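Please look at the structure below and follow one side chain at a time. The walk begins at a charged residue and then turns to aromatic rings.

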Amino acid sequence: QTGPVQAQDLYTHDAGNVQMTISSFGGFGLQADNLNPRKGESDYGVGFLYGGDATQSLFEGGFLVATGPTKVSDAVRNSSGSPDIDFMIDPGGRVAVSEPGETYAEETRAGFSDAYAENPIGIFVEQRTWASDNPDEDDYIVCEYTIWNRSGQTLNNLRAGLYFDWD
């Protein structure tokens, strides 16, 4: 594992047909049988569940960002198959939850940097998620990311994405 174990900070969206646990460090799912299980204030994450079915659908999920093969920061497994926790929760970056939110039944905000990466890019990431209980919008959760450059240098070829290992 890269970086120290961080204080657990999880939230499980469950407003619609989808239940999914998000974190303040870019990880998703985080259930007890996950590659990188995390225990929040009450229990482990639920993973990803749909429509009342208790069958777990997600082994691992996380945010990734890179500028090249030697500068990759992520919240998923590394090349040896071990959890790789490259993101540090920034001060004030713990998951803030609004239930109900301004627009949706559940809205969250979290913030983290890649300070724990072996070769940090020098970024800050704001993660926002939301879920709806409106029958026309209750089959998904939205994740939005804003990335700020804190490196003091121009970042070329920056790419970001989400990785999910579905069961």
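In this predicted model, the backbone nitrogen of Val-76 lies 3.1 Å from a polar atom of the Asp-74 side chain. Asp-74 itself sits in strand E6, which covers residues 71–74. Does a partner of opposite charge matter here, and where is the nearest one? Asp-74 is buried but has no salt bridge. Its nearest side chain of opposite charge belongs to Arg-77, 9.0 Å away, whereas a salt bridge requires the atoms to be within 4 Å.Apart from neighbours within four places in sequence, Asp-74 is in contact with Phe-63, Leu-64, Asp-84, Ile-85, Asp-86 and Phe-87.

One of these contacts, Phe-63, leads on to the aromatic rings. Phe-63 has a relative accessibility of 2%, so this residue counts as buried. The whole structure contains 9 aromatic pairs. In one of them, Phe-63 and Tyr-145 are stacked, with 4.4 Å from centre to centre and 20 degrees between the planes. Phe-63 belongs to strand E5 (residues 58–68) and Tyr-145 to strand E11 (residues 141–149), so the pair ties together parts that are 82 residues apart in sequence.

Tyr-104 and Trp-130 form another stacked aromatic pair, at 5.7 Å centre to centre and 15 degrees between the planes. Tyr-104 lies in the loop between strand E8 (96–98) and strand E9 (106–113), while Trp-130 lies in strand E10 (residues 123–131), so this pair ties together parts 26 residues apart in sequence. Tyr-104 is partly exposed, with a relative accessible area of 24%, but Trp-130 is buried, at 15%.

Finally, Phe-28, Phe-48, Phe-164 and Trp-166 form one aromatic cluster.

Conventions. Residues are numbered from 1 along each chain as its sequence is written. This is a predicted model: local features need pLDDT of at least 70, side-chain atom pairs count only at pLDDT 80 or more; totals for chains, interfaces and linings use all residues. Side-chain values use heavy atoms; hydrogens and water are left out. Helices (H or I, at least four residues) and strands (E, at least two) are DSSP runs, numbered from the N terminus. Buried means under 20% relative accessible area, exposed over 50%, partly exposed in between (1.4 Å probe, protein chains only). Lys and Arg count as positive and Asp and Glu as negative; His and the chain ends are not counted. A polar contact is a pair of N or O atoms within 3.5 Å; within protein, one must be able to donate a hydrogen and the other to accept it, and residues adjacent in sequence count only if both atoms are side-chain atoms. Contact means heavy atoms within 4.5 Å. Rings of Phe, Tyr and Trp (its six-membered ring) pair if their centres lie within 6.5 Å; planes under 30 degrees apart count as stacked, over 60 as edge-to-face and the rest as tilted.
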